[in-house]
Amino acid sequence: MLPLTRYEQLERLRHGVFDALIVGGGINGAVTAAALSARGLKVALVESGDFAGETSSSSSCLVWGGIKYLQTLEFGLVRDLCRSRNTLMQAYPTQVPEIRFLAALDRDAPHRPLSIFAGTWLYWVIGESFTRKPGYWSRRVLRDREPVLAMHKMRGGVAYSDAYLPEGDAHFVFGFIKRAWGRGAIAVNYTRALEGRVFDGIHHTGLRDQTTGHTFAVKSRAVINATGPWADLFNADRRISTRHRLVFSRGIHLVVPQITDADRVLTFFAADDRPFFVFPLGDRSCIGTTDTRVPAPETEVTDLDRDFVLNNINRYLKTNLTRRDVIAERCGVRPLVVESTPADDTEWTQLSRKHILESDRERRYLTIFGGKLTDCVNVGEEVCEELEAMGIKGPRSLKRWFGEPSRISRRRFLDRLNKITTGLDGPTLWRRYGRDAFLLLKRLEDHPDQARELLPGTGVLECEVRHAAAHQMVVTLEDFLRRRTLLEMTRGRDFLLKSKGAREICRILFGPTADQHWEDYLAMP
Ligand SMILES: Cc1cc2nc3c(=O)[nH]c(=O)nc-3n(C[C@H](O)[C@H](O)[C@H](O)COP(=O)(O)OP(=O)(O)OC[C@H]3O[C@@H](n4cnc5c(N)ncnc54)[C@H](O)[C@@H]3O)c2cc1C
């Protein structure tokens, strides 16, 4: 089913009564919308910016069992995260593939290589032996196989596996939004939830269309607060008190030219003994991250962060990266759940990353605190259970509300694509679009000229831009360049602002209002 336009969806929001209103279109809101709509419930989701515009596009793009939590002996958390990882790897063979991690260990690492090796075996067993076995790399093997490593202090390396999101975190989140649309859910970006009241058991929540400033109210039987780091603020505005609350840790990543062409994640212990990653993002490398306590969700990258990340990289690798090499930056806060104000001497990095659902069943109001991309399926399932406990149960009990289409569909897509043209990267198109890849195919069959690349070397085709304009609720140029694709991450804003291809993308996306959209993009900080 093709999604309704944004305008049509807003109209439905105005006039319907929904089983649940989800506030927030990050990973937690998106999975909730997909899970509830798959059960046949009437669902609305509103997001004040773009889908995945905040924390869910600032992550390390890893789907992982949290090996680092073995250090804090959180075996239960590691087991649960590994299970969630395995579920996603099984359901998304192309979008969440296994990737090898190489932990390079020098003399300053807090643990010896053999201890880490033993740790990775434990991790592998806890993870139900789902991935390739860990391996030990001697100093010589390290030097031969990963020449970018600065070897002078290296003692050895350990290879183990987890999974990652090759198309990025925002793409993964958008997949759940599409899924929810496909089940009839309304999900609208640039729509902010304002004040709320309850009359006769029905929530009336004020909404503001951020593109026009118009306000109106939506009616729902339940409200789900999936505002991520803003959950406490949202609750406070509604005078909802909860047992849990959030504290924040800023994490940043820098995107730099490709550091290693081996398809693996390099990992080290940073100067503060936290694991530090170099992972592939498109044809670039993404490096980070940091863990800095901050008082509020609104935050930005500081020079101190930049230097911390660059210094760590230059310490372990034969690189000499400076701020001038940075193509793009990513910054967000981890929403960490606590019961009461932690004392100032709380070991900051040891606060748990678990999610917690807290609900007021009588009022039919639910808050999702914390969470990880990795654990998203559990969040979706748990919200469905909680709504059932509130008396809101859908007519269906679908088990498979997530995942890629079957291998047979993929084969059919690749065969049909090969009949039209042999020059395109079919597997990547499939990974990006899943079932929607057939819509692209139809476009290409009707307009073979739309197979042209609009920005040379990026693999982004004209048919993809036209598809996005028609079906992906692109409201600003940044939505497309930063979240529907990785263009801004891998090419950088400065490059895009000078490129004819980006201008053409803007024209295709916005037609008569393209100049205004271009100016808006130019004016962005
Ligand atoms: C640096 C870093 C690295 C990470 N790495 C990983 C990783 O590798 N793997 C992993 O699994 N997890 C990782 N995480 C954790 C994960 O990214 C987050 O926990 C997750 O994205 C949080 O999703 P969310 O939906 O709760 O919040 P968000 O993505 O922030 O979504 C909440 C949304 O609510 C919207 N909103 C707020 N108020 C309103 C309102 N009034 N009306 C409408 N909308 C509103 C916001 O605009 C926002 O988009 C990382 C996090 C960080 C910060």
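In this predicted model, Thr485 counts as buried, at 9% relative accessibility, and is placed in the loop between α14 and α15. Two polar contacts of its side chain can be described: a polar atom of the Thr485 side chain lies 2.7 Å from the backbone oxygen of Phe480, and the side chain of Thr485 also reaches the backbone nitrogen of Leu487, at 3.3 Å. The helices on either side of this loop, α14 (477–484) and α15 (487–491), are included in what covers the buried residues of α17, together with α13 (462–471), α16 (493–498) and α18 (514–523). Helix α17 itself spans residues 500–510, and its buried residues include Gly501, Ala502, Ile505, Cys506, Ile508, Leu509 and Phe510. In an α-helix there are 3.6 residues a turn, so residues three or four places apart point the same way. After α17 comes Gly511, which has a positive phi, near 50°.

Within helix α16 lies Phe495, which counts as partly exposed at 41% relative accessibility. Although Phe495 and Ile327 are 168 residues apart in sequence, their C-alpha atoms are 9.1 Å apart in space. A pairing across a long stretch of sequence is also found for Gly403 and Pro93, which are 310 residues apart along the chain and whose C-alpha atoms are separated by 8.7 Å. Gly403 belongs to the loop between α9 (376–389) and α10 (407–420), and it counts as buried because its relative accessibility, 9%, is under 20%. With neighbours within four places in sequence left aside, Gly403 is in contact with Ala91, Tyr92 and Arg179.

The largest nonpolar core comprises 92 residues, and those with the most contacts inside this core are Leu13, Leu36, Phe172 and Phe176. Apart from it lies another core, of 27 residues, among which are Val148, Leu310, Leu317 and Val326. For Leu13, when residues up to four places away in sequence are not counted, the residues touched are Phe18, Ala44, Val46, Ile186, Val188, Leu207, Phe216, Ala217 and Val218.

The surroundings of the ligand consist of 38 residues, of which Glu47, Thr55, Ser56, Leu62 and Gly371 come nearest. By residue class, this shell divides into 14 nonpolar, 19 polar and five charged residues. Elements that each supply at least two residues of the shell are α2 (27–38), β8 (191–199), β11 (245–257) and β16 (328–338), and the largest share, four residues, comes from β16. Among the polar approaches to the ligand, a polar side-chain atom of Thr55 lies 2.5 Å from a ligand oxygen atom, and an N or O atom in the side chain of Ser56 is likewise 2.5 Å from an oxygen atom of the ligand. At Ala193 it is a backbone N or O atom that lies 3.0 Å from a nitrogen atom of the ligand. Taken alone, the ligand exposes 1000 Å², of which the protein buries 97%.

Helix α2 also holds Asn28, a residue that is buried, with a relative accessible area of 9%. The side chain of Asn28 reaches the backbone oxygen of Gly370 at 2.9 Å, and Gly370 is also one of the residues in contact with Asn28 once neighbours within four places in sequence are left aside, the others being Ala226, Ile368 and Val379.

Backbone geometry that departs from the common pattern was considered last. Most residues other than glycine have a negative phi, and most peptide bonds are trans. Tyr190, although not a glycine, has a positive phi of about 50°; this residue is placed in the loop between β7 (186–188) and β8 and is buried, with a relative accessible area of 13%. Arg239, also not a glycine, has a positive phi of about 55° and lies in the loop between α7 (231–237) and β11. Whereas Tyr190 is buried, Arg239 is exposed, with a relative accessible area of 75%. The peptide bond from Gly288 to Thr289 is cis, with omega near 20°, and Thr289 lies in the loop between β14 (284–288) and β15 (292–294).

Methods. Residues are numbered from 1 along each chain as its sequence is written. This is a predicted model: local features need pLDDT of at least 70, side-chain atom pairs count only at pLDDT 80 or more; totals for chains, interfaces and linings use all residues. Side-chain values use heavy atoms; hydrogens and water are left out. A nonpolar core is a set of buried Ala, Val, Leu, Ile, Met, Phe, Trp, Tyr and Cys residues joined through side-chain atoms within 4.5 Å. Buried means under 20% relative accessible area, exposed over 50%, partly exposed in between (1.4 Å probe, protein chains only). Contact means heavy atoms within 4.5 Å. A residue is near a molecule or strand if one of its heavy atoms lies within 4 Å of it. A polar contact is a pair of N or O atoms within 3.5 Å; within protein, one must be able to donate a hydrogen and the other to accept it, and residues adjacent in sequence count only if both atoms are side-chain atoms. Accessible areas come from the Shrake-Rupley method with a 1.4 Å probe; for residues, only the protein chains shown count as cover. Ala, Val, Leu, Ile, Met, Phe, Trp, Tyr, Cys and Pro count as nonpolar, Asp, Glu, Lys and Arg as charged, and the others, Gly among them, as polar.
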